Amino acid sequence: MEEKLKLLALVGAGALFGSAATVSLLKLFPGAVTHEDTKEAIKANGTNPVLGKKPAMTPPDLLSDEVVCEQLTRNIQFFGLDSQQKVTASYVVVIGLGGVGSHAAAMLLRSGVGRLLLVDFDQVTVSSLNRHAVATREDVGTPKAFCLEKHFQSIFPECHVDAKVLLYDSSCEEEILSGNPDFVLDCIDNIDTKVSLLAACVRRGLKVISATGAGARLDPTRIRVADLRESANDPLSRAVRHRLRKDHGIDSGIPVVFSLEKPKAKLLPFRGTTGEEENPSDYQIVPGFRVRIIPVLGQIPAIFGQVMASYVVTQLAGVHVQMEPVVNFDMDHYHTLHQRLIEHEELIYGTSMQVEVDVEEVRYVAKELWHGRSARDLTARDVGRAMWRSINELMLVRWDRTKPASVSNLILLRFNEAEEHELKTVEEIKEREPQFFDRVVSVLKGAELEFGSIH
């Protein structure tokens with residue numbers, strides 16, 4: 001307890017004194033890491049000999065270090081000390097270190113993840129500098145994994161970083177996925193490799209999040225996180241869904257970052273050394289890997305990576321985040337739900353006087369609390385445009401019949417579920433369905449706190 005109070009005091013001091021505290025603590029940093037040419041130093045095991053060998057495991061409590069605690073002050077203030085300790089004690093694997101993966105890995109590092117495994121077989125090129133998180137011209141020709149490892153040393157040297165120059169496939173599954181990582185980030189853009197990795201993670205029971213195509217897009221407001229089966233308008237995602245279902249029997253349960261935006265450009269034609277258009281497969285270094293170029297604005301893959309990192313860090317911290325629905329209802333849908341609630345109240349209670357929500361508040365309940373689906377659905381059953389059609393089967397009812405129909409006492413159910421719900425008391429639900437009870441109560445308590453704070 002005394003140790004925790006000291007840490008909290010340090011955090012408060014960091015917030016209070018800001019720059020002054022940081023300047024004084026910077027004196028404790030080791031000297032800057034000098035750049036070394038690693039192109040000739042790649043050994044058979046794929047690790048970087050220039051940076052030397054680190055201890056096998058992360059220290060048990062990185063936050064006991066004063067500099068680390070100061071560096072992560074804002075995170076500690078946001079999550080709380082206990083939740084941030086979960087983050088710093090975590091082990092995360094990032095596979096694919098291009099425009100998406102490099103940004104995801106960089107923000108995991110800056111968020112205090114204590115141990116990272118970085119995997120990519122490719123090298124930094126001049127053309128990748130428009131989207132890579134840390135690479136400079138000096139890094140061109142360096143393996144992407146070693147590039148990140150080198151730069152990460154000067155950002156958060158206390159993190160245990162392993163870098164492997166490997167192409168993921170089934171032969172190295174054990175090497176990459178052993179050690180019980182807390183999360184795996186799939187930032188690969190090849191279908192075969194992507195499917196193999198995702199299937200292995202599901203088989204091993206590992207938490208994984210996957211990035212779909214970030215190229216040829218330009219609208220950052222259309223990026224979403226949803227279950228794999230909900231992703232749309234993305235050729236890569238569609239192909240991965242098909243292969244996972246066909247080859248491995250997997251059709252859901254994997255969160256993905258994707259864009260609702262249709263690609264604005266196509267693969268450019270491949271031209272060989274003569275300048276003539278040629279067959280790209282003749283130039284593949286690795287069978288099955290894309291040689292042709294997808295036009296890409298660097299901002300979009302960067303945002304994909306940031307979204308992935310945010311999702312993972314909040315999961316590691318134990319903070320539940322309700323993601324934006326893939327397809328939103330429009331205001332006519334919310335008017336319909338509001339009218340159904342009034343009619344239901346009049347039918348059951350003889351009056352609608354205890355309806356304490358307007359259409360805007362119905363929108364909040366249906367969209368923010370229940371994501372446009374029944375409170376009994378753990379995941380989306382209706383996806384895409386089918387979500388709009390599902391409104392014909394949904395209605396709002398009181399959770400506790402003894403309390404008014406308010407924001408913190410309304411649940412979204414299908415007609416048949418609502419009918420059954422009206423025959424039960426809250427106490428009966430708690431006794432017969434404790435998990436459902438706990439989940440609903442948690443959502444409604446959150447609504448009471450959040451909605452009360454904005455009114």
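**Cores, a strand pair and one buried asparagine**

Let's start with F152. Leaving out residues up to four places away in sequence, F152 touches A105, A106, L109, L116, L118, P157 and V161. Keep in mind that this is a predicted model.

F152 belongs to the largest nonpolar core, which has 53 residues. L108, F152 and L185 are the residues with the most contacts inside this core. Which helix gives the most to this core? Helix α11, residues 299-317, with nine residues. Another core lies apart from this one. That second core has 35 residues, including L337, W370, L394 and V441. As background: in soluble globular proteins, nonpolar side chains tend to be buried together.

Next, the strands. Take β6, residues 223-227. Five of its five residues are buried, so β6 is largely enclosed by the rest of the structure. Its partner is β7, residues 255-259. The two strands run antiparallel, joined by five bridges. One pairing to look at: A226 has V256 as its bridge partner in β7.

Last stop, N409. Where does N409 lie? In the loop between β8 (394-398) and β9 (410-414). Buried or exposed? N409 has a relative accessible area of 3%; the cut-off for buried is under 20%, so N409 counts as buried. What does its side chain reach? The backbone nitrogen of D400, at 2.9 Å. D400 is also on the contact list of N409. The others there are V397, R398, W399, K403, P404 and L444, again not counting residues up to four places away in sequence.

That's the tour. Over to you.

Conventions
Residues are numbered from 1 along each chain as its sequence is written. This is a predicted model: local features need pLDDT of at least 70, side-chain atom pairs count only at pLDDT 80 or more; totals for chains, interfaces and linings use all residues. Side-chain values use heavy atoms; hydrogens and water are left out. Helices (H or I, at least four residues) and strands (E, at least two) are DSSP runs, numbered from the N terminus. Buried means under 20% relative accessible area, exposed over 50%, partly exposed in between (1.4 Å probe, protein chains only). A polar contact is a pair of N or O atoms within 3.5 Å; within protein, one must be able to donate a hydrogen and the other to accept it, and residues adjacent in sequence count only if both atoms are side-chain atoms. Contact means heavy atoms within 4.5 Å. Two strands pair if DSSP finds at least two bridges between them. A nonpolar core is a set of buried Ala, Val, Leu, Ile, Met, Phe, Trp, Tyr and Cys residues joined through side-chain atoms within 4.5 Å.
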